[in-house]
Amino acid sequence: VSLSQPKGSPFWHYDFQWKGGRFHGSTRETSKRRAQAVEDHEKLKAKTGTNQREATLDDVADSYWEAKGKHARAAKADEQRLLWLVTALGPQRLIHEFEEPDLLAVVKRRQAEGSRRGRREKFQPVSNATVNRVVTELFRRLHRHAEKSMKLRVAPIDWAVVKLPEAEARARCLTADEEARLMDALRPDIRPLVRFSMVTGLRQEDARTLTRFNVDLQAGRIRVKVKSSKPGRKTHTIKLGPSMVALLANELGCHTLPQVFTCIPHDTHNRAIEGAARKPITLSILRRQFERAIATAGIEDFRWHDLRHTAGTRTSRAAGLRVAQMLLGHESITTTARYDHPSEDDIAAAMEAAASAGATPAQSRSADQSRNTPEAEHASGNNALKG
């Protein structure tokens, strides 16, 4: 039966297939006779090619996931976000039916849910950036996939209306003093991982899950999979300096586990358990120890990802933006520029260097030889009288 009346709806809906395409939706009619006329008209448009194929949000999400989603670096997180978004919007709704009000309603719902992390699951508000990633940006990907890849009819959406304003990009790097305090506050078995991340600029998961099979101590290189627009991610190779090679060699010499960075089991009072075998550093352990060290060191407004910004800024300052791009594994140098945060002292030093480099011998003369000195002005006046 191609005509049906869903439970709770006063309208009849049509649902039929033509040449592999599915066409379904509401007739907006409460009379079955008039609904039949609407369906006949839709069938005629489908047969004559004057109607585009239609698909549900669930169909589009499945297609997107198989084509692109499961190949992304953040596939595990995106899978959960996608399930939440499709459920919130309605999996059986047609993709062309979604407009700005639908998305705005889901944006409010995501804000209301907040974040519940920790044993007590205390409610915490989520940032606008998080809401944008879960709702606006993810649906935009589905919308684009439906239109460009699946050739489906979609409603135009003003994304500026739906997207929430986000805070300015962070520009936070460790100072030398903060670095020293942080290293002192860290647990000894966690310290090497933090130090390695701050120098190489690896993302938290890439550094934490680095295995000995991706380390070549003899050549002084590591290989990691990094973010990429290409399916499967790309392999990024980093040439290490002697200090980082020594750090890895020391870590690998402490155990025989596949993971490079491991920790000593501790009790609930954060005391090392004597004789316990080392184990891989879990994400929960790393988060807890890092946050505790930041608080102990008295460092304000600093997150793990800021270690990557610190590495990018220091490398750019020492060797230029191109070298920083190679270190961080960015496909575009525009992305790398967001990790370069020169300080006021850097700007002042650069201005001074530019002034010195561009000065002519006459411009760099000392003040007592300047044309503006009283002696110079007196000599100039005498010459004028002589003339």
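Helices α2 and α5 are roughly perpendicular to each other in this predicted model. The two helices, α2 spanning residues 57-67 and α5 spanning residues 128-149, pack at an angle of about 90 degrees, and their axes lie 9 Å apart. An angle between 65 and 115 degrees counts as roughly perpendicular, so the label given to α2 and α5 follows directly. On the α2 side the contact is made by Leu57, Val60, Ala61, Ser63, Tyr64 and Ala67, while α5 brings in Phe139, Arg141, Leu142, His145 and Ala146. Sorted by class, the contact of α2 with α5 holds eight nonpolar residues, two polar ones and one charged residue.

Helix α5 is also home to Ala129. Is Ala129 buried, partly exposed or exposed? Since buried means under 20% relative accessible area, Ala129 counts as partly exposed, its relative accessibility being 21%. Ala129 can also be placed with respect to Leu164, which is 35 residues away along the chain: the C-alpha atoms of the two residues are separated by 7.5 Å.

A second helix pair is formed by α3 (residues 75-89) and α4 (residues 100-113), whose axes come within 10 Å and cross at roughly 120 degrees. Because the range for roughly perpendicular ends at 115 degrees and roughly antiparallel requires an angle over 145, α3 and α4 are oblique to each other. The crossing of α3 and α4 is right-handed. Which residues of the two helices meet here? From α3 they are Trp84, Leu85, Ala88 and Leu89, and from α4 they are Asp102, Leu103, Val106, Arg109, Arg110 and Glu113. By class, the contact of α3 with α4 comprises six nonpolar and four charged residues, with no polar ones.

The third pair consists of α7 (residues 176-185) and α8 (residues 191-200), packed at an angle of about 155 degrees with axes 9 Å apart. This angle makes α7 roughly antiparallel to α8, the label used for angles over 145 degrees. As for handedness, the crossing of α7 and α8 is right-handed. Glu179, Leu182, Met183 and Asp184 of α7 meet Arg191, Val194, Arg195 and Met198 of α8. The contact of α7 with α8 divides into four nonpolar and four charged residues, and no polar residue takes part.

Further along the chain, two threonines in helices can be set side by side. Thr315 lies in helix α12, which covers residues 305-319, and Thr334 is found in helix α14, which covers residues 333-337. Thr315 is buried, with a relative accessible area of 18%, whereas Thr334 counts as exposed at 54% relative accessibility. What does Thr315 touch, leaving aside residues up to four places away in sequence? The partners of Thr315 are Gly320, Val323, Ala324 and Leu327. For Thr334, the C-alpha atom is separated by 9.8 Å from that of Leu321, a residue 13 places away along the chain.

Two loop residues deserve a look for their backbone angles. Most residues other than glycine have a negative phi. Arg28, though not a glycine, has a positive phi near 60 degrees. Arg28 sits in the loop between β3 (21-26) and α1 (32-48), and is exposed, with a relative accessible area of 59%. Asp301 likewise has a positive phi, near 50 degrees. The loop holding Asp301 runs between α11 (283-297) and α12, and Asp301 is exposed as well, with a relative accessible area of 51%.

Turning to the chain as a whole, the model contains 16 helices and ten strands. Of its 387 residues, 37% count as buried. Among contacts between residues at least 6 apart in sequence, 58% join residues that are at least 24 apart. How confident is the prediction, and where does pLDDT stay under 50? The mean pLDDT of the chain is 84, and 87% of the residues reach 70 or more. Over residues 370-387, however, pLDDT stays under 50, and the model has seven contacts beyond four places in sequence for this stretch. Where pLDDT is low, the predicted coordinates should not be read in detail.

Key
Residues are numbered from 1 along each chain as its sequence is written. This is a predicted model: local features need pLDDT of at least 70, side-chain atom pairs count only at pLDDT 80 or more; totals for chains, interfaces and linings use all residues. Side-chain values use heavy atoms; hydrogens and water are left out. Axes are lines fitted to C-alpha atoms, for helices over the stretch in contact, and angles run from 0 to 180 degrees between N-to-C directions. Helices (H or I, at least four residues) and strands (E, at least two) are DSSP runs, numbered from the N terminus. Angles under 35 degrees count as roughly parallel, over 145 as roughly antiparallel, 65 to 115 as roughly perpendicular and the rest as oblique. Contact means heavy atoms within 4.5 Å. Ala, Val, Leu, Ile, Met, Phe, Trp, Tyr, Cys and Pro count as nonpolar, Asp, Glu, Lys and Arg as charged, and the others, Gly among them, as polar. A crossing is left-handed if the near helix is turned anticlockwise from the far one by less than a right angle, and right-handed if clockwise. Buried means under 20% relative accessible area, exposed over 50%, partly exposed in between (1.4 Å probe, protein chains only). pLDDT is the predictor's confidence in each residue, from 0 to 100.
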